[in-house]
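Please read the following note with the sequence and the model open beside it. The points are meant to be followed one at a time, with each residue located before moving on.

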Amino acid sequence: MRGGTAGEGEAPSGSVHDTTSDHDVRVPGPPAAPAAEPSGRRRLASALWPPRVTRAQLVVALLLFVLGLGLAIQVSSTSDNSALRGARQEDLVRILDELDDRTQRLEGEKSRLEKQRTELESSSDQAEEARKQTQEKEQQLGILAGTVAAEGPGITLTVGDPTGAVESDMLLDAIQELRAAGAEAIQVNGVRVVADSYFTGSGDDMRIDGTKVTAPYVFKVIGKPEDLEPALNIPGGVVQTLEKEQATATVERSAKIIVDALRPAKRPDYAQSSSQ
């Protein structure tokens, strides 16, 4: 059996040398102790530095800054009125009296201005209404005088004269019948017929207010068709009279008749308005 000597060296720590075998058997020693954990102060320091700022923290900081600035401004403006706190009672009473007087003056000024506004609105409405009535009256008089074009329901009377037998008085009778039936505007062959219109001649020399017209004679009449047509077709009326003279007369109703022939406005030489 082989034995070991001291000269060959000692077995390392943590192993057992088996003298009965040619091989060394090593037995593991106890496990190593774990590393010590950092202290609480060191963990706090590592959490605070270096600083890690998030976007949410920046937004909160900005809002807090704005809130603080607003509070500072409010406190500053409130402190400006602190002068009244140290005023005497007599001064405060005088200030209140002055404020009351100013309020009364402003109320009086407000009432005066409201009254003026009401008067202006009333006068403006009256002036506007008067202007509208004047325009309407001007239109009506213009239609009657023939200085304004007109349109509306009515009839068209067409008189044919193949033999030249139609006289001026026949056309004038037709105008009179139409006016009696409620005609409001009349035009014959491009000539506006008004209250002082006149007819002369016959045949190829028929004239209205000096303007020559030829057959067929076309009457454009604005009025109520239900009244105008029967007035021309009554027994012994305009249509029968013309037919006896070998002329033709046709009446056609229409929902829209345009009378656009105009007469120049005449200025009276002697008559003047009597209104003041």
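**Notes on a predicted model**

1. Arg-207 is partly exposed, because its relative accessible area is 31%, a value that lies between the limits of 20% for buried and 50% for exposed. Please keep in mind throughout that this is a predicted model. The side chain of Arg-207 takes part in a salt bridge with Asp-205, in which the closest N and O atoms are 3.2 Å apart, and Asp-205 is itself counted as partly exposed, at 39% relative accessibility.

2. Arg-207 also has a place in a strand pairing, since in β5 it is the residue that stands opposite Thr-200. The two strands concerned, β4 and β5 (residues 206–208), are paired in the antiparallel sense over two bridges. They belong to an open sheet of three strands, whose order is β4-β5-β6 and whose pairing is antiparallel. Because β4 (199–200) and β6 (211–213) each have a single partner strand, they stand at the edges, and one side of each is left without a neighbour in the sheet.

3. Stepping back to the whole chain, the secondary structure comes to six helices and eight strands, and along the sequence these follow the pattern α-α-α-β-α-β-β-β-β-β-β-α-α-β. Of the 276 residues of the protein, 20% count as buried.

4. Which strand is mostly covered? Strand β1 (residues 150–160) fits that description, with eight of its eleven residues buried. On pairing, β1 is joined to β8 in the antiparallel sense over ten bridges, and one example to find in the model is Ile-155, whose bridge partner in β8 is Arg-253. Strand β1 also runs antiparallel to strand β7 (residues 217–222), to which it is joined by six bridges; here Thr-158 has Val-218 of β7 as its bridge partner.

5. The structure holds five salt bridges, and one of them joins the side chains of Asp-196 and Arg-263, at 3.8 Å from N to O. This pair links distant parts of the chain, given that Asp-196 lies in the loop between β3 (191–193) and β4, while Arg-263 lies in the segment after β8 (248–259), 67 residues apart. Asp-196 counts as partly exposed, at 45% relative accessibility. Both residues, together with Asp-209, are linked in a network of salt bridges.

6. Arg-253, already met as a bridge partner in β8, forms a salt bridge with Glu-229, and the closest N and O atoms of that pair are 2.4 Å apart. Here too distant parts of the chain are linked, with Arg-253 in strand β8 and Glu-229 in helix α5 (residues 225–233), 24 residues apart. The relative accessible area of Arg-253 is 43%, so this residue is classed as partly exposed.

7. Two surface patches deserve a separate look. A nonpolar surface patch of about 520 Å² is made by Leu-62, Phe-65, Val-66, Leu-69 and Ile-73. Leu-62 has its place in helix α2 (residues 55–80), and because its relative accessibility is 53%, it counts as exposed. The other patch is negative, and it is formed by Glu-121, Asp-125, Glu-129 and Glu-136, of which Glu-136 is found in helix α3 (residues 89–145).

Methods:
Residues numbered from 1 in each chain as written. Predicted model: local features only at pLDDT ≥ 70, side-chain atom pairs only at ≥ 80, totals over all residues. Heavy atoms only, no water. Patch = residues over 30% accessible without salt bridge, like charges linked within 9 Å, V, L, I, M, F, W, Y side chains within 5 Å. Areas by Shrake-Rupley, 256 points an atom, 1.4 Å probe, with all protein chains shown as cover. Salt bridge = Lys/Arg side-chain N within 4 Å of Asp/Glu carboxyl O. Lys, Arg positive; Asp, Glu negative; His and termini not counted. Charge placed at Lys NZ, Arg CZ, Asp CG, Glu CD. Helix = DSSP H or I, 4+ residues; strand = E, 2+ residues; numbered from the N terminus. Pairing = 2+ DSSP bridges. Buried < 20%, exposed > 50% of the residue type's maximum accessible area, 1.4 Å probe, protein only.
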